[in-house]
Amino acid sequence: MENSIRSIMEYLCQTRAFEKITFSKCREAQVMRTAAVPFARRGEAYIQIETVGADGRASHRNIPASEAAEVLCEMAERGYRQTNVHTAEGDCEIRFSKKEQCTILNRIRPVGTAVQLASHNKKKRYLLDPVEDMGARAFLYRLGITDEGGRILDKKRPKYRQINRFLELVEDVADALPKEGEIVIYDLCCGKSYLTFAVYHYFTAIRGRQVRMHGVDLKPDVIAYCCETAAALGMEGLTFSCGDINAMQPPAGEVPDLVLSLHACDVATDIVLKNAVRFGARAVLSTPCCHHEVFHAMHSEPLSFITRHSMLAQKLADAATDALRCLWLELHDYDVQTVELIDPEETPKNMMIRAQKRKKARGEKEKQALQAQYENACALIGCVPYLGRDS
Ligand SMILES: C[S@@+](CC[C@H](N)C(=O)[O-])C[C@H]1O[C@@H](n2cnc3c(N)ncnc32)[C@H](O)[C@@H]1O
């Protein structure tokens, strides 16, 4: 590999043997940072580019790996003053000085062919590796995702991919959690708790942290199964309770660092968000499920050109519900982004709301502007959703 930006980017796109490329010190003030990661969709290799603006909002672009080198090259050469590449074969840093002097510190040492690198990388991409990681295999086997040897069962592949992707998004907020001591996590509407066990394993076994984690669900049989499984696996600090999350009360003085929820149906997602705010959670990761409330309540003459088509009305209601949830969280002093959970071809329920509590509360003026935006949006759709009625 030649030591030029172009050949480095071509090499990375060809092999996809990188974990992440981070672009910082953007030449445009409205962009805070950008990151590129490789992924596969239906057997095709892509590079996803996430750009975070100065307002904290993230946007995403997926580019076929075969076309991405040109884009990444342009970003590293002209878009940003610093580019950092992390690969299993070493790191690389590209820097531009104020006088536009370019320095490339390339410590990438290719160790194999493109095909070997690609498959090595593919294997590495999943945080849960039931072949090499016996702890991961133990709970994945008990939950019926793998066989005894750690092979993912064909019908459970989508669930396995979904949990791994959720873990990647947990990993993104993990650095913002307290660096020392116990981490407190709640999984609300945990169901069979695939995610609960995976997140517990991620923090305790992969990151070596002490964790107190609690899952809650309405279904007694499912909760009994989860309690049994946690006990059988010796997962200390992992507890479950059966009940309505509406009535949930954390132990005195306990503030969750992270509130998780995967596919809590309809307004159950609103109750999760309301609880997260009520408990003062530091971070929230919530992937909504079905959206019925706004779809049925929405009544809007100006939007009737959309709502008279039932399919489009559903899409509008989905987007309005989630956008208003984000706005409501912003009103409660969270920074919020929406991110894609998995390939939309696998499930339409693939959007995650990622929220982190701000260190400093928003100023009165900003809150008034957000409140006005919330009220105007409700007036436009002709209804006030759950969270807006509740506060
Ligand atoms: C679609 S399942 C998702 C389960 C799990 N998070 C997953 O992704 O596999 C939704 C779960 O939410 C639970 N649920 C709905 N409303 C609830 C409430 N108010 N309190 C507790 N659990 C609730 C249901 O019992 C159900 O198990």
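This passage describes the ligand surroundings, one helix and several salt bridges in a predicted model.

The ligand is surrounded by 13 residues, of which Cys 189, Asp 217, Asp 244, Ile 245 and Leu 262 come nearest. By class, this shell consists of six nonpolar, three polar and four charged residues. Several polar contacts join the ligand to the protein. A nitrogen atom of the ligand lies 2.9 Å from a backbone N or O atom of Cys 189. For Asp 217 the side chain is involved: one of its N or O atoms is 2.7 Å from an oxygen atom of the ligand. The side chain of Lys 219 also takes part, with an N or O atom 3.3 Å from a ligand oxygen. Taken alone, the ligand exposes 600 Å², and the protein buries 81% of that area.

Helix 8 covers residues 267–279. At 1.5 Å a residue, its 13 residues should span 18 Å, and the C-alpha atoms at its ends are 18 Å apart, so the expected and computed values agree. Eleven of the 13 residues are buried, and the helix is therefore largely enclosed by the rest of the structure. The buried residues are Ala 268, Thr 269, Asp 270, Ile 271, Val 272, Leu 273, Lys 274, Asn 275, Ala 276, Val 277 and Phe 279. In an α-helix there are 3.6 residues a turn, so residues three or four places apart point the same way. Just after helix 8 comes Gly 280, which takes a positive phi of about 80°.

Side chains of opposite charge can pair when their charged atoms come close. The model contains 25 salt bridges. In one of them, the side chains of Lys 367 and Asp 333 meet with an N to O distance of 3.0 Å. This pair links distant parts of the chain, the two residues being 34 residues apart. Lys 367 belongs to helix 12 (residues 364–381), while Asp 333 sits in the loop between helix 11 (310–331) and strand 13 (334–340). Asp 333 has a relative accessible area of 10%, which is under the 20% limit, so Asp 333 counts as buried. Lys 367 has a value of 21% and therefore counts as partly exposed.

Another salt bridge joins Arg 362 to Glu 366, with the closest N and O atoms 3.0 Å apart. Arg 362 is buried, at 9% relative accessibility, whereas Glu 366 is partly exposed, at 38%.

A further salt bridge is formed by the side chains of Arg 151 and Asp 147, at 3.6 Å from N to O. Both partners are partly exposed: Arg 151 has a relative accessible area of 43%, and Asp 147 has a relative accessibility of 27%. Salt bridges that share partners join Asp 147, Arg 151, Asp 154 and Arg 157 into one network.

Towards the start of the chain, Ile 5 lies in helix 1 (residues 5–15). Ile 5 counts as buried because its relative accessibility is 6%. Ile 5 and Glu 74 are 69 residues apart along the chain, and their C-alpha atoms are separated by 9.2 Å.

Definitions and conventions
Residues numbered from 1 in each chain as written. Predicted model: local features only at pLDDT ≥ 70, side-chain atom pairs only at ≥ 80, totals over all residues. Heavy atoms only, no water. Near = heavy atom within 4 Å. Polar contact = N/O pair within 3.5 Å; in protein donor to acceptor, adjacent residues only side chain to side chain. Areas by Shrake-Rupley, 256 points an atom, 1.4 Å probe, with all protein chains shown as cover. Nonpolar A, V, L, I, M, F, W, Y, C, P; charged D, E, K, R; others polar. Helix = DSSP H or I, 4+ residues; strand = E, 2+ residues; numbered from the N terminus. Expected span 1.5 Å × (residues − 1). Buried < 20%, exposed > 50% of the residue type's maximum accessible area, 1.4 Å probe, protein only. Salt bridge = Lys/Arg side-chain N within 4 Å of Asp/Glu carboxyl O.
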